[in-house]
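Work through these exercises with the model open beside you. Try each task before you read its solution.

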Amino acid sequence: MSTIDDLPPLSTVIEDHGLRARKSLGQNFLLDLNLTAKIARQAGDLTGCDVLEIGPGPGGLTRGLLSEGARRVLAIEKDGRCLPALAEIATRYPGQLQVIEGDALDIDPLAHLTPPIRVAANLPYNVGTELLVRWLTPPKWPPFWQSLTLMFQREVAERIVAVPGSKAYGRLALLAQWRCEARIVMGLPPEAFTPAPKVSSAVVHLTALPAPKFEADAEVLNRVVAMAFNQRRKMLRSALKGMGADIEDRLNAAGIKPTERAEQVSLEEFCALARAVAAP
Ligand code: SAM
């Protein structure tokens with residue numbers, strides 16, 4: 001029996017179901033249920049919330065979310081080997097855990113969730129950034145979720161909360177901080193995982209703001225910052241040449257010096273540039 005529920009410890013679950021971690025699926029499991037419950041608490045009050053979890057694996061975080069009072073958890077897992085272990089959790093929490101086998105990049109979870117919705121995940125590293133960008137850039141805001149509580153490699157977590165002028169500042173910081181309040185809430189050493197990855201990890205908590213901080217079209221802003229930071233050492237007038245022959249005029253219209261480099265440009269200025277680029 002474990003510390004947070006009456007199910008077997010995760011090491012037993014892994015052994016009983018033959019869940020040897022696969023590198024190709026980004027599998028680094030959390031086996032300490034006190035730790036997974038602590039991560040679940042970072043997601044805020046889960047009572048009365050549906051939670052979307054990507055990549056439950058053997059179910060450590062899933063059990064943390066349920067033991068912390070989540071109304072329902074929808075878990076999307078690509079590795080079919082994990083399903084019997086997850087079915088045992090579903091039996092322990094009747095009607096509260098739904099598992100979908102498949103690729104999170106292909107599945108629209110909305111059909112299965114009822115607001116308020118929070119997202120919590122120890123993300124597979126190979127799809128983590130792509131999912132985050134999708135969750136941050138829907139055309140309409142507020143999004144379907146209230147908050148995202150996500151485990152990333154430390155270096156990626158730092159890029160999400162980075163400030164202008166720092167090395168980590170770039171597309172992720174701008175997209176996250178445009179529409180959310182973003183904080184690193186926990187750090188985890190490699191030994192917290194089985195197998196231990198090479199790098200440290202961190203949990204980032206993002207709360208959706210009721211409205212973006214500055215007006216801009218999500219698709220245009222995403223395109224502008226992606227291009228600007230793709231060649232971050234270049235002056236914006238050349239990094240953004242692909243935006244059109246008149247990019248220098250548009251930079252000037254947004255109040256940005258064409259000789260500036262992306263690293264020095266604030267969120268407010270990038271939003272002004274996205275508006276200038278979108279203007280007829
Ligand atoms: N949540 C578990 C934990 O904390 O121990 C496992 C985390 S492990 C880092 C990532 C999980 O995501 C694995 O179970 C893996 O099979 C799953 N996964 C990988 N790619 C996926 C994808 N595209 N869609 C859904 N799940 C995926």
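**Exercise 1. Place the ligand.**
Find where the ligand sits, then name the elements around it.

*Solution.*
Step 1. The ligand sits in the largest pocket. Keep in mind that this is a predicted model.
Step 2. Look for elements that give two or more residues to the shell around the ligand. These are β1, residues 29-30, and β3, residues 72-77.
Step 3. Now take the shell residue by residue. The ligand is surrounded by 21 residues, and the closest are L30, G55, E77, D103 and N122.
Step 4. Sort the shell by class. It has 9 nonpolar, 7 polar and 5 charged residues.

**Exercise 2. Check the polar contacts.**
Use a cut-off of 3.5 Å between N or O atoms. Which atoms of Q27, L30 and K78 lie within it of the ligand?

*Solution.*
Step 1. Start with Q27. One of its polar side-chain atoms is 2.9 Å from an oxygen atom of the ligand. This pair is a polar contact, because 2.9 Å is within 3.5 Å.
Step 2. Go on to L30. Here a polar backbone atom lies 2.8 Å from an oxygen atom of the ligand. L30 also belongs to the closest residues named in Exercise 1.
Step 3. Finish with K78. A backbone N or O atom of K78 is 3.4 Å from a nitrogen atom of the ligand.
Step 4. Add the covered area. On its own, the ligand has 590 Å² of accessible area, and the protein covers 99% of that.

**Exercise 3. Describe the largest pocket.**
What is the volume of the largest pocket, and which residues and elements line it?

*Solution.*
Step 1. Take the volume. The largest pocket holds about 910 Å³ of space.
Step 2. Find its centre. The lining counts 43 residues, of which G26, Q27, N28, P124 and Y125 are closest to the centre.
Step 3. List the elements that give two or more residues to this lining. They are β1, β2 (50-54), α3 (60-67), β3, α5 (125-136) and β6 (147-153).
Step 4. Pick the main contributor. With 5 residues, α5 gives the most.
Step 5. Sort by class. The lining divides into 22 nonpolar, 14 polar and 7 charged residues.

**Exercise 4. Turn to the second largest pocket.**
Which element gives the most to the lining of the second largest pocket? Sort that lining by class as well.

*Solution.*
Step 1. The volume of the second largest pocket is about 260 Å³.
Step 2. It is lined by 19 residues, and D108, P109, R134, W135 and F144 are the closest to its centre.
Step 3. Both β2 and α5 supply at least two residues of the lining. The most comes from α5, with 3 residues.
Step 4. The classes are 15 nonpolar, no polar and 4 charged residues.

**Exercise 5. Look for a cavity.**
How many cavities of 30 Å³ or more does the structure hold? Name the lining residues of the largest cavity.

*Solution.*
Step 1. The structure holds 1 cavity of 30 Å³ or more. The volume of the largest cavity is about 30 Å³.
Step 2. Its lining is made of L7, P8, V13, P58, R63, A85, E88 and I89.
Step 3. Helix α4, residues 83-92, gives the largest share, 3 residues.
Step 4. By class, 6 lining residues are nonpolar, none is polar and 2 are charged.

**Exercise 6. Find cis peptide bonds.**
Where do P116 and P142 lie, and what is omega for the bond that leads into each?

*Solution.*
Step 1. Go to P116, in the loop between β4 (97-101) and β5 (117-122). The peptide bond from P115 to P116 is cis, with omega near -5°.
Step 2. Go to P142, in the loop between α5 and β6. W141 and P142 are joined by a cis peptide bond with omega about 0°.

Key
Residues numbered from 1 in each chain as written. Predicted model: local features only at pLDDT ≥ 70, side-chain atom pairs only at ≥ 80, totals over all residues. Heavy atoms only, no water. Near = heavy atom within 4 Å. Polar contact = N/O pair within 3.5 Å; in protein donor to acceptor, adjacent residues only side chain to side chain. Areas by Shrake-Rupley, 256 points an atom, 1.4 Å probe, with all protein chains shown as cover. 1 Å grid on protein atoms, 1.4 Å probe; cavity = no way out; pocket = protein on both sides within 12 Å on 5 of 7 lines; lining within 4 Å. Sits in = over half its atoms within 2 Å of the grid points. Helix = DSSP H or I, 4+ residues; strand = E, 2+ residues; numbered from the N terminus. Nonpolar A, V, L, I, M, F, W, Y, C, P; charged D, E, K, R; others polar. Points joined across faces, edges and corners; volume = space filled by probe spheres on them.
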